[in-house]
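This briefing introduces one protein chain to a reader who has not met it before. Please look over the sequence and the model first, and then use the points below as a guide.

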Amino acid sequence: QNMLALTCSKRQWSKARRSAELILKGDKTNGCSPLWLTVAEIAQLESSDVRQVFTDAVAACPTISLYYHAAKWEKDQDCKDAAVCRLIDGVLNCCVAQDADQATRDKEPILLLHAALDLTVPFDFDVEPAQMRSFTDEDKGFLWLIYSLWSVCDDELSHRLSGVEFDASSQAVFEAALHSLHGTPHEKIIWIEYLSHYCNKVEKSDEASNSFRMLSVLVFRCLAAISPQRKAAAGSSVDHWWDYRFHNQVIDMYVSRLTPIDSLAVFDRLVSSFPHNTTLALRAAQLALHQQPRCIDQARQFLASVLAECPMCLSLWKIAVQVELFLGNVKEARWMYHEATQALPFAADLWRDFLLFELTHRGHPMLTSIDKTCRHLGVSIKSVLAPRFL
């Protein structure tokens with residue numbers, strides 16, 4: 001395992017794949033799914049035999065997660081029929097008990113999936129519970145992912161549910177999956193797949209405006225439904241940070257389809273909604289500053305609102321100072337340096353920038369004071385402060 005991690009970190013994909021395959025030879029249990037996924041990812045990076053890797057994977061380790069990832073890869077290659085075949089194999093091999101009778105195995109696969117998810121089945125669907133496998137919450141998550149992917153790949157899926165009052169359209173299945181998986185780790189995955197599906201519809205639809213309007217509604221629903229995670233800062237029992245990685249992934253997916261001006265309007269709304277999202281504020285400020293003409297006031301607004309909540313972000317302070325210097329506001333820039341060094345007293349880069357600022361705009365009087373403060377704090381600025389200024 002350590003050799004695998006090392007070779008992956010060095011991007012030595014051939015060696016990494018050999019390491020993973022050696023581990024797999026000695027591990028025939030269902031716990032090897034992540035290793036098979038690693039081999040598949042390496043195969044994609046090498047542009048090699050990904051389909052064969054997934055075929056070997058589900059043969060050696062027939063888990064719901066591997067069947068889902070195999071089908072998703074086929075769908076990403078625009079091979080929807082092959083994806084459906086993977087999904088059907090996954091249902092037959094993972095939903096039906098190993099000792100199930102042939103009558104059960106001959107049932108319509110989508111109905112077997114309905115039974116596994118405790119959804120509506122026809123009145124004459126006479127499969128005993130003993131004929132089906134039991135599922136963990138993790139399994140149920142992947143079963144919903146399988147159903148969602150199946151609804152995207154098979155336009156005729158609703159016709160296979162004759163006698164069942166259930167809408168198997170992709171939108172209805174995604175909504176049912178979100179309801180069922182609310183509060184679970186798989187909820188985020190379902191949201192990403194749901195939004196990706198609508199992004200594809202926007203690109204291919206003849207009524208792109210309607211599809212994009214629906215995408216916008218879904219994006220803001222998603223951002224409101226998933227709360228950012230509060231995590232403890234490393235080495236501290238008091239400090240914490242907010243994990244907005246999922247939200248930023250969703251925002252990236254959305255704004256990549258907008259014009260810069262429309263993106264600024266979206267950022268304006270989101271920065272105020274997520275005042276602890278420093279990555280979002282940085283992107284918003286940088287976009288505002290790169291507009292022609294520059295949206296300076298909007299950039300200052302983005303920076304000020306987030307710095308008030310997150311004064312520990314060095315990058316935000318640096319951009320805020322640069323904005324004031326661009327406007328010729330030396331007094332405001334100096335005040336910001338004072339505020340920034342109080343919030344981040346051990347940031348050597350910040351002190352060096354402060355020193356160069358004073359050297360450029362005020363002369364030598366402050367240099368000794370800055371040097372003494374840095375010495376007291378144990379912060380080194382020797383690379384900037386030449387001996388003649390001491």
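A residue is called buried when its relative accessible area is under 20%, exposed when that area is over 50%, and partly exposed in between. The model is a predicted one, and with that scale in mind, Cys79 is partly exposed because its relative accessible area is 28%. The points that follow move from the whole chain to helix contacts, and then to single residues.

**The chain as a whole**

- The chain contains 20 helices and two strands, and buried residues make up 43% of its 390 residues.
- The radius of gyration of the chain is 28 Å, whereas a compact globule of 390 residues would have a value near 21 Å.
- Taken along the principal axes, the box filled by the C-alpha atoms of the chain is roughly 90 × 50 × 40 Å.
- Among contacts in the chain with a separation of 6 or more, 54% are between residues 24 or more positions apart.

**Helix H9 and its contacts with H6 and H8**

- Helix H6 (residues 80-94) and helix H9 (residues 137-153) have axes that come within 10 Å and cross at roughly 150°, and this crossing is left-handed.
- On the H6 side of this contact are Lys80, Ala83, Val84, Leu87, Ile88 and Val91, which meet Ile146, Leu149, Trp150, Val152 and Cys153 in H9; by class, the residues divide into ten nonpolar, no polar and one charged.
- The axes of helix H8 (residues 109-116) and H9 also come within 10 Å, crossing at roughly 145°, and the crossing of H8 and H9 is likewise left-handed.
- In this second contact, Pro109, Ile110, Leu113, His114 and Ala116 in H8 meet Lys140, Leu143, Ile146, Tyr147 and Trp150 in H9, and the residues comprise eight nonpolar, one polar and one charged.
- Ile146 and Trp150 of H9 are listed in the contact with H6 and also in the contact with H8.

**Cysteines**

- A disulfide is a covalent bond between the sulfur atoms of two cysteines.
- The structure holds zero disulfides, and for Cys79 the nearest cysteine sulfur, which belongs to Cys153, is 10 Å away.
- Why is Cys374 classed as buried? Its relative accessible area is 1%, and the class of buried residues takes in values under 20%.

**Loop residues with a positive phi**

- Most residues other than glycine have a negative phi.
- Asp78, in the loop between helix H5 (64-76) and H6, has a positive phi near 65°, and with a relative accessible area of 58% Asp78 is exposed.
- Asp118 lies in the loop between H8 and H9, where its phi is also positive, near 60°, and at 63% relative accessibility Asp118 counts as exposed.

**Pro345 and its surroundings**

- Pro345 sits in the loop between helix H18 (330-343) and helix H19 (348-361), and its relative accessibility of 24% makes it partly exposed.
- Which residues does Pro345 touch, not counting residues up to four places away in sequence? Pro345 touches Trp351, Leu377 and Val379.
- The C-alpha atoms of Pro345 and Met312 are separated by 10.0 Å, although the two residues are 33 residues apart along the chain.

Conventions. Residues are numbered from 1 along each chain as its sequence is written. This is a predicted model: local features need pLDDT of at least 70, side-chain atom pairs count only at pLDDT 80 or more; totals for chains, interfaces and linings use all residues. Side-chain values use heavy atoms; hydrogens and water are left out. A disulfide is a pair of cysteine sulfur atoms within 2.5 Å. Buried means under 20% relative accessible area, exposed over 50%, partly exposed in between (1.4 Å probe, protein chains only). Axes are lines fitted to C-alpha atoms, for helices over the stretch in contact, and angles run from 0 to 180 degrees between N-to-C directions. Helices (H or I, at least four residues) and strands (E, at least two) are DSSP runs, numbered from the N terminus. A crossing is left-handed if the near helix is turned anticlockwise from the far one by less than a right angle, and right-handed if clockwise. Contact means heavy atoms within 4.5 Å. Ala, Val, Leu, Ile, Met, Phe, Trp, Tyr, Cys and Pro count as nonpolar, Asp, Glu, Lys and Arg as charged, and the others, Gly among them, as polar. The radius of gyration is taken over C-alpha atoms; the globule rule is 2.2 Å times the number of residues to the power 0.38.
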